[in-house]
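Here is a short briefing to read alongside the coordinates. It walks through ring pairs, charges over rings, a well-connected side chain and a pocket.

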Amino acid sequence: MPSGFDTDQVSDWHDLGLPTVDIIYPVGGEVWYVGGTYTLRWLATNPNGPDSALSIDLWYSKDSGNTWAKIATSTENDGAFNWRLPLFIGNYYTPSRNARIKVMATGPENFMVQDWDMSDNDFCPPIDYNELLPIERELLDQLIAQGLIDESEVIRGGI
């Protein structure tokens with residue numbers, strides 16, 4: 001301490017506490033529809049300074065937390081993030097019966113000063129065809145025609 005300044009003295013070293021993160025929503029059991037917009041909510045606290053100094057990364061898993069796709073990087077720690085659940089995050093297909101959200105808080109002192117929390121149980125995002133963007137509908141229709149996606153995963157005509 002301070003970061004980037006080393007006097008080779010014992011006083012340069014300070015114990016840092018890890019931030020704490022708790023997901024408020026979703027916690028599991030919810031039904032979110034692909035194409036819909038939802039507000040992810042969390043509470044993150046920083047024991048080393050202001051809570052607003054924490055950097056928040058948001059992640060989505062389609063397989064109960066075995067793999068992850070990044071939703072947002074370095075968003076502010078304001079406890080909420082509005083997110084439209086797309087058909088794909090990059091090449092990561094989102095519809096699943098085993099979805100989870102992860103929130104990671106990182107302190108400004110060091111990239112290793114971090115904590116994360118994940119929704120406690122799975123939630124389910126089926127596909128609402130009417131809420132998809134035109135390009136997503138086109139891609140979905142192609143994947144169904146190729147037999148890569150089962151038509152039964154798609155809700156047509158509104159929910």
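Tyr60 and Trp83 are both buried in this predicted model. Their ring centres sit 5.7 Å apart with the planes at 50°, so the pair counts as tilted. Tyr60 belongs to strand E3 (residues 55–61) and Trp83 to strand E5 (residues 80–84), so the pair ties together parts that are 23 residues apart in sequence.

**Aromatic pairs**

- If you are browsing the rings, there are six aromatic pairs to find in the structure.
- One of them joins Tyr25 and Trp32, whose ring centres are 5.6 Å apart; the planes meet at 45°, so this pair is tilted.
- The two partners are not equally covered: Tyr25 is partly exposed, with a relative accessible area of 30%, whereas Trp32 is buried at 0% relative accessibility.
- Tyr25 and Trp32 also belong to a cluster, linked by ring pairs, together with Tyr38 and Phe123.

**A lysine over two rings**

- Lys102 is worth a look from the side of Trp59, since it lies over the face of that ring, at 5.4 Å from the ring centre.
- Lys102 also lies over the face of Trp68, here at 4.6 Å from the ring centre.

**Arg100 and its backbone partners**

- Arg100 is part of strand E8, which covers residues 100–106.
- Is Arg100 buried or exposed? Its relative accessibility is 14%, and the cut-off for buried is under 20%, so Arg100 counts as buried.
- The Arg100 side chain reaches the backbone oxygen of Ser119 at 3.3 Å.
- A polar atom of the Arg100 side chain also lies 3.4 Å from the backbone oxygen of Asp120.

**The second largest pocket**

- How much space lies in the second largest pocket? The volume comes to about 180 Å³.
- Its lining includes Pro95, Ser96 and Arg97, then Cys124, Pro125, Pro126 and Ile127, and finally Ser152, Glu153 and Ile155.
- Sorted by class, that lining has six nonpolar residues, along with two polar and two charged ones.

Key: Residues are numbered from 1 along each chain as its sequence is written. This is a predicted model: local features need pLDDT of at least 70, side-chain atom pairs count only at pLDDT 80 or more; totals for chains, interfaces and linings use all residues. Side-chain values use heavy atoms; hydrogens and water are left out. On a 1 Å grid over the protein atoms alone, a cavity is a set of points where a 1.4 Å probe fits but cannot get out, and a pocket is an open set with protein on both sides within 12 Å along at least five of seven lines; lining residues have an atom within 4 Å of a point. Grid points are joined across faces, edges and corners, and a volume is the space filled by probe spheres set on the points. Ala, Val, Leu, Ile, Met, Phe, Trp, Tyr, Cys and Pro count as nonpolar, Asp, Glu, Lys and Arg as charged, and the others, Gly among them, as polar. Rings of Phe, Tyr and Trp (its six-membered ring) pair if their centres lie within 6.5 Å; planes under 30 degrees apart count as stacked, over 60 as edge-to-face and the rest as tilted. Buried means under 20% relative accessible area, exposed over 50%, partly exposed in between (1.4 Å probe, protein chains only). Helices (H or I, at least four residues) and strands (E, at least two) are DSSP runs, numbered from the N terminus. A charge sits over a ring if NZ of Lys or CZ of Arg is within 6 Å of the ring centre and within 35 degrees of the ring normal. A polar contact is a pair of N or O atoms within 3.5 Å; within protein, one must be able to donate a hydrogen and the other to accept it, and residues adjacent in sequence count only if both atoms are side-chain atoms.
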